[in-house]
Amino acid sequence: WDGVDGFPEIMKAGGFDAVIGNPPYVRIQTMKEWAPKEVEFYKTQYRSASKGNYDIYVVFAEKGLSLLNPSGVLGFILPHKFFNAKYGEPLRSLISAGNHLSKVVHFGYQQVFRNATTYTCLMFLEKVGVENLEYIDIHDLEEWRDPNGDTEAHSSNGFVSAKEIQQTEWSFIIGSGADLFERLSRLPTKLENATERIFQGIKTSADKIYIVHEMERDRKRVKVFSPQFLTEYWLE
């Protein structure tokens with residue numbers, strides 16, 4: 001769908017003022033089982049689907065951007081994996097080339113949706129392009145979105161120059177460490193040049209879920225307290 005058939009008058013006038021949504025998150029490995037022709041169509045019609053095993057939400061982001069008028073804005077909640085994944089390079093290139101990225105609200109490992117495990121962010125694009133983007137890193141999701149709470153106490157805010165946003169992996173560094181990170185990024189020798197193999201050790205990625213406090217135990221079970229759910233559980 002190119003927008004013309006469904007909204008001919010809007011597209012003839014230049015496009016939409018705003019596009020807001022939550023695009024589907026589906027890897028092409030899954031889509032190949034029930035929509036193989038659709039997968040190949042996206043590869044030929046959309047720049048964002050041209051590299052690697054993409055996720056369909058990158059296609060929706062590209063399409064949404066194309067439907068905006070010259071002063072239009074886009075707001076999506078979508079996985080932030082494309083910031084660093086190889087398949088996200090075409091979409092990063094498309095966004096950075098036009099300086100479209102205006103704001104990111106990053107949720108990290110925190111879960112926004114109750115019945116799905118997804119690692120998401122809010123991404124805002126402006127068709128006209130911006131000089132600086134606002135970056136917000138959320139430390140405690142529940143406290144941050146409490147309308148009666150102190151949102152600034154549970155997040156970090158800063159601005160990043162649009163010139164620093166390229167098709168390479170996106171790393172948003174704000175605050176006191178930004179200058180140091182910038183100097184380190186200019187060093188000619190990187191860690192990958194000093195080793196043949198880099199791997200990650202053991203980590204939980206969600207301490208509040210996996211690190212629990214032992215309350216009591218018997219021969220077969222242990223009772224623990226979960227900081228995440230504020231509840232006690234018996235575990236075998």
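Glutamate E232 is partly exposed, with a relative accessible area of 42%. I start with this residue in the predicted model for the sake of its partner. E232 forms a salt bridge with K223, and the closest N and O atoms are 3.7 Å apart. Is K223 buried or exposed? K223 counts as buried, because its relative accessibility is 17% and the limit for that class is under 20%. The contact therefore joins a buried lysine to a partly exposed glutamate. The pair also belongs to something wider: E216, K223 and E232 are joined into one network by salt bridges that share partners.

Let me turn to the other salt bridges. The count for the model comes to seven, and I shall describe two further examples. In one of them, E214 and R217 are joined with their closest N and O atoms 2.8 Å apart. Here E214 is partly exposed at a relative accessible area of 46%, whereas R217, at 57%, counts as exposed. The boundary that matters for R217 is 50%, since exposed means over that value.

The other example lies within a helix. K43 and E40 both belong to helix α3, residues 36-45, and they are three residues apart, which is about one turn of the helix. Their salt bridge has its closest N and O atoms 3.8 Å apart. K43 is partly exposed, with a relative accessible area of 31%, and E40 is likewise partly exposed, at 44%.

I move now to the aromatic residues. How many aromatic pairs does the model contain? The count comes to twelve. Consider F7 and F16. Their ring centres are 5.3 Å apart and their planes stand at 75°, so the pair is edge-to-face. The reasoning rests on the angle, because planes over 60 degrees apart fall in that class. The partners differ in their cover: F7 counts as partly exposed at 38% relative accessibility, while F16 is buried, with a relative accessible area of 17%.

A further edge-to-face pair is formed by F83 and F172, with 5.6 Å from centre to centre and 75° between the planes. Where in the chain do F83 and F172 lie? F83 is in the loop between β2 (68-79) and α5 (89-97), and F172 is in the loop between β6 (155-161) and α7. The pair thus links distant parts of the chain, 89 residues apart. Both F83 and F172 are buried. These two rings are also members of a cluster linked by ring pairs, which comprises Y25, Y57, F82, F83, Y135, W170 and F172.

Charged groups meet aromatic rings as well. The charged end of R221 sits over the ring of W234, at 4.1 Å from its centre. In a second case, the charged end of K103 sits over the ring of F124, 5.7 Å from the ring centre.

F124 leads us to the strands. Strand β4 covers residues 120-126 and pairs with β2 in the antiparallel sense, over seven bridges. Within that pairing, F124 is the bridge partner of G75. β4 also pairs with strand β3, residues 101-106, again in the antiparallel sense, over five bridges. There, L101 has L125 as its bridge partner in β4. Strand β4 is therefore flanked by partners in two pairings, one with β2 and one with β3.

Finally, I should like to consider the surface and the loops. Which residues form a nonpolar patch on the surface? L180, L184 and L187 do so, with about 260 Å² of accessible area together. L187 lies in the loop between α7 (178-185) and α8 (207-210). At 43% relative accessibility, L187 counts as partly exposed, and this value satisfies the requirement of over 30% for patch members.

My last residue is N148, in the loop between α6 (141-144) and β6. N148 counts as exposed, because its relative accessibility is 74%. From I136, N148 is twelve residues away in sequence and 19 Å away in space, taken from C-alpha to C-alpha.

Conventions:
Residues are numbered from 1 along each chain as its sequence is written. This is a predicted model: local features need pLDDT of at least 70, side-chain atom pairs count only at pLDDT 80 or more; totals for chains, interfaces and linings use all residues. Side-chain values use heavy atoms; hydrogens and water are left out. Patches are made of residues with over 30% relative accessible area and no salt bridge: like charges are joined within 9 Å, nonpolar side chains (Val, Leu, Ile, Met, Phe, Trp, Tyr) within 5 Å. Accessible areas come from the Shrake-Rupley method with a 1.4 Å probe; for residues, only the protein chains shown count as cover. A salt bridge is a side-chain nitrogen of Lys or Arg within 4 Å of a carboxyl oxygen of Asp or Glu. Helices (H or I, at least four residues) and strands (E, at least two) are DSSP runs, numbered from the N terminus. Buried means under 20% relative accessible area, exposed over 50%, partly exposed in between (1.4 Å probe, protein chains only). Rings of Phe, Tyr and Trp (its six-membered ring) pair if their centres lie within 6.5 Å; planes under 30 degrees apart count as stacked, over 60 as edge-to-face and the rest as tilted. A charge sits over a ring if NZ of Lys or CZ of Arg is within 6 Å of the ring centre and within 35 degrees of the ring normal.
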